[in-house]
Amino acid sequence: MGTQNPSAPPRAQSASAANPTRTRHHGGGIVHENTRHTARFVVIGNHLVQHKELSLLAIGLACHIQSLPTDAGADIKSLTARFPEGPTRIAAALRELETHGYLRRERVRTPTGRIVTRTVSCNQPGNRPGNQPGNRPKAPHREAADTGRPDRRPARPATTDRPSRPREPRPRKALPAVPQPDCKVPGLLRTAVDLLTDLRRHDSRLLLSAADTAHLAPGVAAWLERDVLPSAVRRALTADLPDEPLHRPAALLAHRLADRLPPPAPFRAPAPPPPARLPVHNCDGCDRGFRAPEPGLCRDCRTTAAPLS
């Protein structure tokens, strides 16, 4: 009776801290009733749904994004309209996924010249198509054979430090063509240059160089030639600009000048010239001023002098 059982544990065992999902009660825990999916399903890896550093919101958001079809909306505005969470929590979850490689955001230019943000969902971070082991080119491996013979190849002389050739600058991509005015009036081109120079006051990203301004000035002159006010041209060039940084603002302005060019103004007959004004003369009879092609008598003096003659 006084002998203790050596096989009995000294105290009750607690759940391991390394496995927090382990139940503390015998016979408890989760039981799966699985049915095989044959349509409308997506494969999600355990490395995502059991991630130890991602929040529950980030894991659920990643599963939702991976189930979306291509070109579906996955920005903060679309996700906020879909779920009850606010934009702040959804933005924080997207940043988590981007930090751990499940999400990537790229800026692309659309055919219309607008720069948009494209969201790339990665179901296996670090395994991009170009980084697969089968796609990597294998470097040639040469193993030197030890034949016991002395190497008779002449030793290469030590290379001296040669001055590195300066790298040639990459050729600058040409700007899109702009409309040309029918008549290049110096005053019209001067107004176009002033309008382009003043764009930086409305948006600091539209700071143009002298070469870009000279290229865009004929396009602005073509708008002004079609009876478009300078304020309307400025509004067409600066309205609805993308929020992202503009890497080539001159290319965007050149595209807008060509794509949004208004039609020519309707034909208007030239106004008749004003009637010629005759010079003023003093009457030889009464010294009163009157207008006539030549000096002489005024109308009253001519009327009075007519019967006498």
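In this predicted model, strand β2 makes the greatest contribution to the lining of the largest pocket, supplying six residues. Strand β2 spans residues 115–121, and helix α2 (56–67) and strand β1 (103–109) likewise provide at least two lining residues each. The volume of the largest pocket is about 680 Å³. Its lining comprises 23 residues, of which Ala72, Ala74, Arg118, Thr119 and Val120 are the closest to the pocket centre. When the lining of the largest pocket is sorted by residue class, ten residues are nonpolar, six are polar and seven are charged.

An enclosed space was also identified. The structure contains one cavity of 30 Å³ or more, and the largest cavity has a volume of about 30 Å³. The residues around the largest cavity include Arg109, Gly113 and Ile115. Further along the chain, Pro242, Leu246, His247, Arg248, Pro249 and Leu252 complete the lining of this cavity. By class, the lining of the largest cavity consists of five nonpolar, two polar and two charged residues.

Interactions involving aromatic rings were examined next. No aromatic pairs were found, the count being zero. A charged residue is nevertheless placed over a ring: Arg82 lies above the face of Phe83, at a distance of 4.6 Å from the ring centre.

The confidence of the prediction was assessed by pLDDT. The protein chain has an average pLDDT of 80, and 76% of the residues reach a score of at least 70. Residues 132–148, however, have a pLDDT below 50, and this stretch makes four contacts in the model beyond near neighbours in sequence. Predicted coordinates should not be read in detail where pLDDT is low. Caution of this kind therefore applies wherever the pLDDT is low.

Technical notes. Residues are numbered from 1 along each chain as its sequence is written. This is a predicted model: local features need pLDDT of at least 70, side-chain atom pairs count only at pLDDT 80 or more; totals for chains, interfaces and linings use all residues. Side-chain values use heavy atoms; hydrogens and water are left out. On a 1 Å grid over the protein atoms alone, a cavity is a set of points where a 1.4 Å probe fits but cannot get out, and a pocket is an open set with protein on both sides within 12 Å along at least five of seven lines; lining residues have an atom within 4 Å of a point. Grid points are joined across faces, edges and corners, and a volume is the space filled by probe spheres set on the points. Ala, Val, Leu, Ile, Met, Phe, Trp, Tyr, Cys and Pro count as nonpolar, Asp, Glu, Lys and Arg as charged, and the others, Gly among them, as polar. pLDDT is the predictor's confidence in each residue, from 0 to 100. Contact means heavy atoms within 4.5 Å. Rings of Phe, Tyr and Trp (its six-membered ring) pair if their centres lie within 6.5 Å; planes under 30 degrees apart count as stacked, over 60 as edge-to-face and the rest as tilted. A charge sits over a ring if NZ of Lys or CZ of Arg is within 6 Å of the ring centre and within 35 degrees of the ring normal. Helices (H or I, at least four residues) and strands (E, at least two) are DSSP runs, numbered from the N terminus.
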